[in-house]
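Trainee: I am new to this structure and should like to go through it with you. May we begin with the ligand and then turn to the empty spaces and the backbone?

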Amino acid sequence: MNSHDPADGAFSVETLLTHTGRSPDDQFGFVNTPVYRGSTVLFRSLADLEAQQQRFLYGRAGNPTTASVEAVVTALEGAYRSLLLPSGLAAITVALLACVKAGDDVLISDSAYDPVRKFADGFLARMGVTARYYDPRIGAGLAGLMQPNTTAVLAESPGSLTFEVQDLPALAAAAHAGGARLLVDNSWASPLYHRPLALGADIVIHSGTKMFVGHSDAFAGTISTTETAWSDVLQARTLLGFFTSGDEAFLVARGLRTLAIRMGEHQKRALEIAGWLEEQAEVEAVLHPALPSHPDHTLFKRDFSGSGSLFGLLLPPAPREAVAAFVDHLALFSMGYSWGGFESLCLPVKPGNRRTAVPWTTEGNLFRLHIGFEAVDDLKADLGRALERYQAARR
Ligand SMILES: *Cc1c(COP(=O)(O)O)cnc(C)c1O
């Protein structure tokens, strides 16, 4: 290895991304850790089998390819350790299961990723765990919701449909005072621009499917923890039997090498288009925390060092035909779930169907935009034509 371990804190994020988690000396000099496929790991002697000290014991728990991804994410998040999971949703469910037992209670942000609500209401409830939802802007007010049996608080900041920024230090203080852990879904900003563990969180989750993979061609999730939270998370993952293949891990590792470059470009392009949209007469509002018009902009500036590819576009009330006129004839933006790839996306969303703690009463039609790597002027022209069609269909 090099004389400096790139993960030792002496290097900046860009350098960590290029050097952490690979060891050419162990791979015949090849730059990247290749795809390892394997279930059985062999022991050389009875003494080795009994000692259980080998780096790998059985393929389900990981292999050099998955370990290389975990090393990078650990360095980026400033975590004790990290785990690679088969999807972002699996990362969230395992992290929550690591924090609860029958009779416990969890508090989940009202802005959280919708399948998490379905997991909490449909699955945790059957296991005897109650889930309640909190206003993403509650901050220190979370203390008023804590119950003696509350063991986990799950934040997603900003919410990936509605973009409220959460006051993580305040949430962490309230959660810890009540004996609960703070879990944060950090998929939007990536660890480049937001470090929840440094703000008091215990567990950080990523949908690696999004920015880490970056090419819309693989699924992954990660969990990174403090030293205190680690054993519960590792135990939950191990007991539940989750495994992530070396093939998927390889694509995550490959994506991570260019994360800083891609995030920088996503940030720049998304901000330019968001600012331009804000000036268009047909636009009601743009929900992007890095815009000074955003209600949580001050909090954003305090806790984030940059912004992501994803933001909301609110257009004035209009019938369904206007929404169809907007999305059905876009030349460059495509409609689909997920985000984080090189290609731009535009998805109509209805947060009002999901909220329970703070009803979403905002009038109008909301779209979620992911800004990819097409030329910005081409994207603006595509959106400009869509706004004209929307206007025409409103009349
Ligand atoms: C997509 C997404 C998830 C779920 O990730 P998958 O990899 O699709 O399971 C979780 N959180 C956020 C914010 C997401 O955007």
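Trainee: How far is an oxygen atom of the ligand from an N or O atom in the side chain of Thr209?

Mentor: Please bear in mind that this is a predicted model. A polar contact requires a pair of N or O atoms within 3.5 Å. The pair formed by a ligand oxygen and a side-chain N or O atom of Thr209 is separated by 2.5 Å.

Trainee: What share of the accessible area that the ligand has on its own does the protein cover?

Mentor: On its own, the ligand has 380 Å² of accessible area. The part of this area that the protein covers is 93%.

Trainee: Which residue has a polar backbone atom 2.8 Å from an oxygen atom of the ligand?

Mentor: Two backbone contacts may be named here. A backbone N or O atom of Leu89 lies 2.8 Å from a ligand oxygen. A polar backbone atom at 2.8 Å from an oxygen of the ligand is also found in Gly88.

Trainee: Which helix gives the largest share of the shell around the ligand?

Mentor: The ligand is surrounded by 14 residues, and the closest are Gly88, Leu89, Asp185, Thr209 and Lys210. By class, the shell holds six nonpolar, five polar and three charged residues. Its largest share is three residues, and these come from residues 88–97, helix α4.

Trainee: What is the volume of the pocket whose space the ligand takes?

Mentor: The ligand takes the space of the second largest pocket. Its lining consists of 36 residues, with Tyr113, Asp114, Pro115, Ser160 and Arg368 nearest the centre. Elements that each supply at least two lining residues include α4, α5 (114–124), β6 (203–207) and β10 (345–349). The volume of this second largest pocket is about 620 Å³.

Trainee: How many residues in the lining of the second largest pocket are charged?

Mentor: The lining can be divided by class. Nonpolar residues number 16 and polar residues 11. The charged residues number nine.

Trainee: What is the volume of the largest cavity?

Mentor: The structure holds one cavity of 30 Å³ or more. The lining of the largest cavity is formed by Arg60, Ala61, Gly62, Thr66, Glu70, Leu84, Arg237, Phe243 and Thr244. These comprise three nonpolar, three polar and three charged residues. The volume of the largest cavity is about 40 Å³.

Trainee: Which two residues does a cis peptide bond join?

Mentor: One partner, Pro158, is in the loop between β4 (150–156) and α6 (168–177). The omega angle of the bond is about -10°. The cis peptide bond joins Ser157 and Pro158.

Trainee: Which residue has a positive phi although it is not a glycine?

Mentor: The residue belongs to helix α7, which spans residues 190–193. Its phi is about 65°. The residue is Ser190.

Key: Residues numbered from 1 in each chain as written. Predicted model: local features only at pLDDT ≥ 70, side-chain atom pairs only at ≥ 80, totals over all residues. Heavy atoms only, no water. Near = heavy atom within 4 Å. Polar contact = N/O pair within 3.5 Å; in protein donor to acceptor, adjacent residues only side chain to side chain. Areas by Shrake-Rupley, 256 points an atom, 1.4 Å probe, with all protein chains shown as cover. 1 Å grid on protein atoms, 1.4 Å probe; cavity = no way out; pocket = protein on both sides within 12 Å on 5 of 7 lines; lining within 4 Å. Sits in = over half its atoms within 2 Å of the grid points. Helix = DSSP H or I, 4+ residues; strand = E, 2+ residues; numbered from the N terminus. Nonpolar A, V, L, I, M, F, W, Y, C, P; charged D, E, K, R; others polar. Points joined across faces, edges and corners; volume = space filled by probe spheres on them.
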